[in-house]
Amino acid sequence: MKLIKRSRVRRRTQYYHRFSFATDPLRGFSFDARSDGRPVLHSREAAALYRRCVSGSVDGREVVDQGVSSYELEIHEPAVGRCDDCGGPVRLDRWTNICPRCGAGYDERGDALQERVI
Ligand SMILES: [Zn+2]
């Protein structure tokens with residue numbers, strides 16, 4: 001099998017904007033954000049809730065803006081090889097990897113699996 005993409009680990013910083021209830025600081029709302037703090041709102045409902053949080057009150061309860069924080073993500077992207085039998089791409093993310101087109105098997109390094117006689 002010929003590798004067409006090497007495995008790699010990508011690192012990304014994820015930002016979020018958090019609001020907590022004034023009377024219960026461990027509970028509240030969190031929204032994905034860009035590095036400059038602008039929110040990334042995935043739906044109309046999220047946008048409406050964000051506006052309520054910014055206004056300082058959700059359902060009559062005071063919320064406190066806790067600001068934008070971040071955490072680091074590590075994303076593993078597996079190697080991809082070209083199947084010896086059919087030429088299709090095979091993700092090498094397990095000990096045993098099966099070509100989705102033809103069913104040929106490969107190990108995590110891309111070596112073809114041998115049939116075993118039991
Ligand atoms: Zn194949």
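The largest nonpolar core of this predicted model has six residues: Met1, Cys83, Val90, Leu92, Cys99 and Tyr106. Nonpolar side chains tend to be buried together in soluble globular proteins. Tyr106 is a good place to start looking. Leaving aside residues up to four places away in sequence, Tyr106 touches Met1, Val90 and Leu92. Those three also belong to the core. Tyr106 further touches Gly81, Asn97, Asp111, Ala112 and Leu113.

Next comes the division into domains. The domain assignment of the protein gives domain 1 as 9-74 and domain 2 as 79-118. The C-alpha centres of domain 1 and domain 2 lie 43 Å apart.

Now take the three-stranded sheet. Its strands form an open sheet in the order β1-β6-β7, with antiparallel pairing. The edges are β1, at 2-5, and β7, at 89-92, and each pairs on one side only. From one strand to the next, the twist averages 40 degrees. Strands of a sheet pair through backbone hydrogen bonds, either parallel or antiparallel.

Follow the pairs in turn. β1 meets strand β6, residues 79-82, in the antiparallel sense over three bridges. Lys5 has Val80 as its bridge partner in β6. Leu3 has Gly81 as its bridge partner in β6. Gly81 is also one of the residues that Tyr106 touches. On to the next pair: four bridges join β6 to β7, and these strands run antiparallel. Here Ala79 has Leu92 in β7 as its bridge partner. Leu92 is a member of the largest nonpolar core as well. The hairpin of β6 and β7 has six residues between the strands, and in it Gly87 takes a positive phi near 85 degrees.

The other sheet has four strands. They form an open sheet in the order β3-β2-β5-β4, and the pairing is antiparallel. β3, at 24-33, and β4, at 57-58, stand at the edges with a single partner strand each, so one side of each has no neighbour in the sheet.

Strand β2, residues 8-21, is joined to β5 by 14 bridges, and the two run antiparallel. Within β5, Leu73 stands opposite Arg12. How many of the 17 residues of β5 are buried? The count is one, and β5 is hardly covered. In a regular strand the side chains alternate between the two faces of the sheet.

β5, residues 61-77, also pairs with β4, in the antiparallel sense over two bridges. Val58 has Arg61 as its bridge partner in β5. Ser57 stands opposite Glu62 in β5.

The turn of this hairpin deserves a look. β4 and β5 have two residues between them. Asp59 sits in the loop between these strands. Its phi is near 55 degrees, a positive value in a residue other than glycine. Most residues other than glycine have a negative phi, and most peptide bonds are trans. Is Asp59 buried or exposed? Asp59 has 7 other C-beta atoms within 10 Å, so it is exposed; the cut-off for exposed is 12 or fewer.

Step back along the chain to helix α1, residues 44-55. What span should its twelve residues have? At 1.5 Å a residue, the expected value is 16 Å. The end C-alpha atoms of α1 are 17 Å apart, which agrees. Gly56 comes just after α1 and takes a positive phi of about 100 degrees.

Finally, turn to Asp107. Where does Asp107 lie? Asp107 is in strand β9, residues 105-107. Asp107 has 15 C-beta neighbours inside 10 Å, so it counts as partly exposed. A buried residue would need 20 or more. Not counting residues up to four places away in sequence, Asp107 touches Trp95, Thr96 and Leu113. Leu113 is among the residues that Tyr106 touches too. Asp107 and Ile4 are 103 residues apart along the chain, and their C-alpha atoms are separated by 15 Å.

Terms used
Residues numbered from 1 in each chain as written. Predicted model: local features only at pLDDT ≥ 70, side-chain atom pairs only at ≥ 80, totals over all residues. Core = buried A, V, L, I, M, F, W, Y, C linked by C-beta atoms within 7 Å. Contact = placed C-beta atoms within 7 Å. Domains from an automatic or database assignment. Pairing = 2+ DSSP bridges. Axes fitted to C-alpha atoms, helices over the stretch in contact; angles between N-to-C directions. Expected span 1.5 Å × (residues − 1).
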